[in-house]
Amino acid sequence: MTKKPITLIKLGGSVITNKDIPMSMKNGFLGRLAKEVMQAMEEHPEKRFVVGHGSGSFGHVPATKYKTIDGFVDDESVLGMAIVQDAAAQLNRKVVYEFIKNDVPAVTFAPSNTLVTASKKERVNFFSLLELYLEKGLFPVTYGDVIVDTKQGCTIWSTEKVLSFLTEMFLAEGYEVDAVAHVTEVAGFLDDKKQVVPEISRKNWEKLKKNLGSTKGFDVTGGMTLKIEESLKLADKGVKSVILSGIKPDNLYSYLVGKDWVGTEIG
């Protein structure tokens, strides 16, 4: 298989779902963003795209209730794991269908069925399945998910963690990774004057970190801090990341095709 350059894209839960109301979508946003990705795919067949999405008001709500990220902590934890996994999968089916109804052969790449952890760290993975999907011309859609953990029963890997892990696996197998794009409800990382910071590196991150506020709505996996810290780890491996607004029409499309876009680059 020709190893085409890959861009990984996270459609943030804050953009595609209403994070203030459990199990609810924002009208129109998922469809528009999917079309922006599809337009970029049509214009750049020499590239490959892998989409992930956050859980937003779907998975985060029961995950908070059952403390799923911490494992089997009480008698309700096993049922809680199943409920959280189901909630995340319900949103994934909506994202997959958005592409399928536009004739894109989207398939689910579920971390819960392709990964085993021990104390929250990868122990066994089935990355080869993702490679086969790409080889066969399929369009993988992954997401933050509940993972079975050999030490603590279960845990959660955020979409940021999943995409970072997949990026590292792609690099190890000799693929070129162009970037990881995080599509959010904000225009990028904002400074104390609410202006977009054009670039973040290890040199300025500790100072900028003080500007972070609390995450809106439900989020059990770290929000903006996790995005940037996972991105800085990838920057150490030579892969840039970006944070850009999905609220602004065509901003994601513009980034993917090399036009002017608004956001923050991390590298």
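A pocket, as the term is used here, is an open set of grid points with protein on both sides within 12 Å along at least five of seven lines, and a cavity is a set of points where a 1.4 Å probe fits but cannot get out. In this predicted model, the second largest pocket holds about 230 Å³ of space. Its lining is made up of Lys 4, Met 41, His 44, Pro 45, Lys 47, Arg 48, Phe 49, Pro 105, Leu 134, Gly 137, Leu 138 and Phe 139. By class, these lining residues comprise seven that are nonpolar, two that are polar and three that are charged.

The secondary structure of the protein consists of ten helices and twelve strands. The radius of gyration is 17 Å, which is close to the 18 Å that the globule rule gives for 267 residues, so the protein is as compact as a globular protein of that length. Measured out along the principal axes, the C-alpha trace has a span of about 50 × 45 × 35 Å.

The arrangement of the strands is considered next. Strands of a sheet pair through backbone hydrogen bonds, and the pairing may be either parallel or antiparallel. One open sheet contains eight strands, which follow the order β3-β6-β2-β1-β9-β11-β12-β10 with mixed pairing. Strands β3 (106–108) and β10 (199–200) stand at the edges of this sheet, and because each has a single partner strand, one side of each is left without a neighbour in the sheet. Helix α6 (residues 127–135) packs on the sheet, where it touches β1, β2 (48–53), β3 and β6 (139–143), and its direction makes about 145 degrees with that of β6.

Within the eight-strand sheet, both senses of pairing can be followed from strand to strand. Strand β1 (residues 6–11) runs parallel to strand β9 (residues 177–184), and the two are joined by six bridges; in this pairing, Thr 7 has Ala 179 of β9 as its bridge partner. Strand β11 (residues 240–245), in contrast, runs antiparallel to β12, to which it is joined by four bridges, and Ile 243 is there partnered with Thr 264 of β12. Strand β12 (residues 263–266) is also joined to β10 by two bridges, in a parallel arrangement, with Ile 200 standing opposite Ile 266 in β12.

A further open sheet is built from four strands in the order β5-β4-β7-β8, and its pairing is likewise mixed. Here β5 (121–125) and β8 (153–157) take the edge positions, and since each has a single partner strand, one side of each is left without a neighbour in the sheet. From one strand to the next, the twist averages 45 degrees. Helix α4 (residues 77–100) packs on this sheet and touches β7 (145–149) and β8, with a direction that makes about 145 degrees with that of β7. Strand β4 (residues 115–118) pairs with β5 in the antiparallel sense over four bridges, and in this pairing Leu 115 stands opposite Asn 125 in β5.

With regard to enclosed space, the count comes to one cavity of 30 Å³ or more, and the largest cavity contains about 80 Å³ of space. The residues that line the largest cavity are Phe 109, Pro 111, Thr 114, Leu 115, Asn 125, Phe 126, Phe 127, Trp 157, Val 162, Phe 165 and Leu 166, and among them are Leu 115 and Asn 125, the two residues that stand opposite each other in the pairing of β4 with β5. Helices α5 (111–114) and α7 (159–172) each supply at least two residues of this lining, and α7 gives the most, with three residues. In terms of residue class, the lining of the largest cavity has nine nonpolar and two polar residues, and no charged residues.

Definitions and conventions: Residues are numbered from 1 along each chain as its sequence is written. This is a predicted model: local features need pLDDT of at least 70, side-chain atom pairs count only at pLDDT 80 or more; totals for chains, interfaces and linings use all residues. Side-chain values use heavy atoms; hydrogens and water are left out. Two strands pair if DSSP finds at least two bridges between them. Contact means heavy atoms within 4.5 Å. Axes are lines fitted to C-alpha atoms, for helices over the stretch in contact, and angles run from 0 to 180 degrees between N-to-C directions. On a 1 Å grid over the protein atoms alone, a cavity is a set of points where a 1.4 Å probe fits but cannot get out, and a pocket is an open set with protein on both sides within 12 Å along at least five of seven lines; lining residues have an atom within 4 Å of a point. Grid points are joined across faces, edges and corners, and a volume is the space filled by probe spheres set on the points. Ala, Val, Leu, Ile, Met, Phe, Trp, Tyr, Cys and Pro count as nonpolar, Asp, Glu, Lys and Arg as charged, and the others, Gly among them, as polar. The radius of gyration is taken over C-alpha atoms; the globule rule is 2.2 Å times the number of residues to the power 0.38.
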